[in-house]
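Welcome, and please have your viewer ready. We will walk from one selection to the next and look at what is there.

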Amino acid sequence: MATISNDNHQKLLIYMLTFQLQYQLLFGDAIYISGDSDYFGRWSLNQAKRMQWNQGHLWTIEIPTHDFQYKYFASSFNQPSNAEWEFGPNRLMRTTESSHIVDIWNHRKVMFQCYNPQKYPMLISGSTLDLGNNIKRVPMKQKQDISYKKIIANVIEDKVIHYQFHIKTKRHYSSSIMSLYLDTSALQNSNLNFSYKNYIVAFCEGIEAITKSIYQLDSHICYGYVPNDKTDFNLLKDHNVHTIVEFSSSVDQPTYSVKFGDFNYHTVNFRSNMNENYISRLCSFIQLLITKYQVIYVCNNSLSHVRKYLQVYKSLGISQ
């Protein structure tokens with residue numbers, strides 16, 4: 001925070017933002033920060049602000065607090081030209097307070113929020129490491145009426161993040177599977193996301209309609225409980241899933257395939273023969289279904305069992 005005096009000798013407080021980015025460059029190059037405000041000349045390379053190099057390849061700069069979009073680029077130390085811009089959408093700064101901002105090149109800070117005035121214990125799962133890689137559910141924090149989870153996403157590896165909110169009461173219930181696009185144009189044209197300080201916020205108004213869960217392992221495999229009625233099958237249709245693989249928990253249950261309305265229904269006796277050769281053939285079968293139908297739904301009446309089965313698939317690298 002800095003102070004200046006006006007013509008009447010009154011002291012005015014100016015809040016400052018301190019930006020920090022660690023990035024190693026060749027000698028003679030530097031990191032610049034540019035933005036859409038008048039302070040940066042509205043993305044003008046000549047008015048971009050060169051950051052100061054510090055030991056450990058830390059680049060820092062202080063900027064007066066204001067609302068703006070910004071990105072970093074690398075260029076020559078003496079005069080910015082032939083800028084190498086970082087990947088991803090514009091970064092966002094929305095604050096009126098002094099703040100210390102630590103950014104990572106080609107990464108974005110994301111905050112997932114869900115309206116939860118009842119303050120139920122909530123979890124989130126998703127397609128990134130910080131969200132459990134769709135294998136485990138991660139606890140969310142609670143602030144007032146909002147449950148939230150902060151992550152840092154690699155915009156090159158995680159161009160699209162699939163995620164799902166889960167309420168933990170006497171039973172576990174889930175939202176529908178949602179997607180956050182970190183592609184530059186997709187994010188900036190989306191009305192579903194906004195910012196908090198320099199976080200991209202993916203907000204859910206709340207889980208109003210509680211239904212049976214459909215979880216997502218990756219872009220090819222969804223999983224959950226065995227569908228029992230018309231509502232369950234309609235839910236699968238809504239997720240554009242028409243191929244079902246049921247893992248039977250009964251030794252007496254035969255393995256068979258049938259056409260059931262709009263669905264291809266495959267029942268697999270998974271418990272009767274768990275040797276290595278059987279698992280290998282089963283993985284090949286799953287691969288064949290994915291190749292033919294693109295998306296499949298794997299189910300069992302025990303969610304913990306079906307997760308264990310899918311972990312076997314993931315360890316063998318069948319779903320890419």
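Contact, on this tour, means heavy atoms within 4.5 Å. Keep in mind that the model is a predicted one.

**Stop 1: helix α2**

Select residues 230-238, which form helix α2. Which residues of this helix are buried? They are D232, F233, L235 and L236. Look down the axis of α2: the buried residues fall within an arc of 155 degrees, so they line one face of the helix. Now turn to the other side of α2, where K230, T231 and D238 are exposed.

Next, bring up the strands that the buried residues of α2 pack against: β22 (214-216), β24 (243-248), β25 (256-260), β26 (263-269) and β27 (296-299).

**Stop 2: the largest nonpolar core**

Move on to the largest nonpolar core, which has 23 residues. Highlight F112, I124, I161, Y163, F165 and L180, the members that touch the most others in this core. To see where the core draws its residues from, colour β12 (107-115), β13 (122-126), β16 (146-154), β17 (160-168), β19 (178-181) and β21 (199-204); each of these gives two or more. The top contributor is β17, with four residues.

Zoom in on F112. Setting aside residues up to four places away in sequence, F112 touches I124, L131, M140, S147, Y148, K149, I151, I161, Y163, F165, L180 and A202. Before leaving, select L25, Y72, M93 and W105: they are among the 22 residues of a second, separate core.

**Stop 3: the largest pocket**

Rolling a probe the size of a water molecule over the atoms shows where empty space is left. In the largest pocket, that space comes to about 220 Å³. Select M111, Q113, K143, Q144, I146, Y148, K150 and Y196 to display the lining. Which strand supplies the largest share of this lining? The answer is β16, with three residues, while β12 and β16 each supply at least two. Colour the lining by residue type and you will find four nonpolar, two polar and two charged residues. One residue to click again is Y148, which lines this pocket and is also touched by F112.

**Stop 4: T18**

Finish at T18, in strand β3 (residues 16-22). Is T18 buried or exposed? Its relative accessibility is 19%, so T18 counts as buried, the cut-off being under 20%. Show its surroundings as sticks: beyond neighbours within four places in sequence, T18 is in contact with I61, E62, S99, H100 and I101.

Terms used. Residues numbered from 1 in each chain as written. Predicted model: local features only at pLDDT ≥ 70, side-chain atom pairs only at ≥ 80, totals over all residues. Heavy atoms only, no water. Core = buried A, V, L, I, M, F, W, Y, C linked by side-chain atoms within 4.5 Å. Buried < 20%, exposed > 50% of the residue type's maximum accessible area, 1.4 Å probe, protein only. 1 Å grid on protein atoms, 1.4 Å probe; cavity = no way out; pocket = protein on both sides within 12 Å on 5 of 7 lines; lining within 4 Å. Points joined across faces, edges and corners; volume = space filled by probe spheres on them. Nonpolar A, V, L, I, M, F, W, Y, C, P; charged D, E, K, R; others polar. Arc of directions from axis to C-beta.
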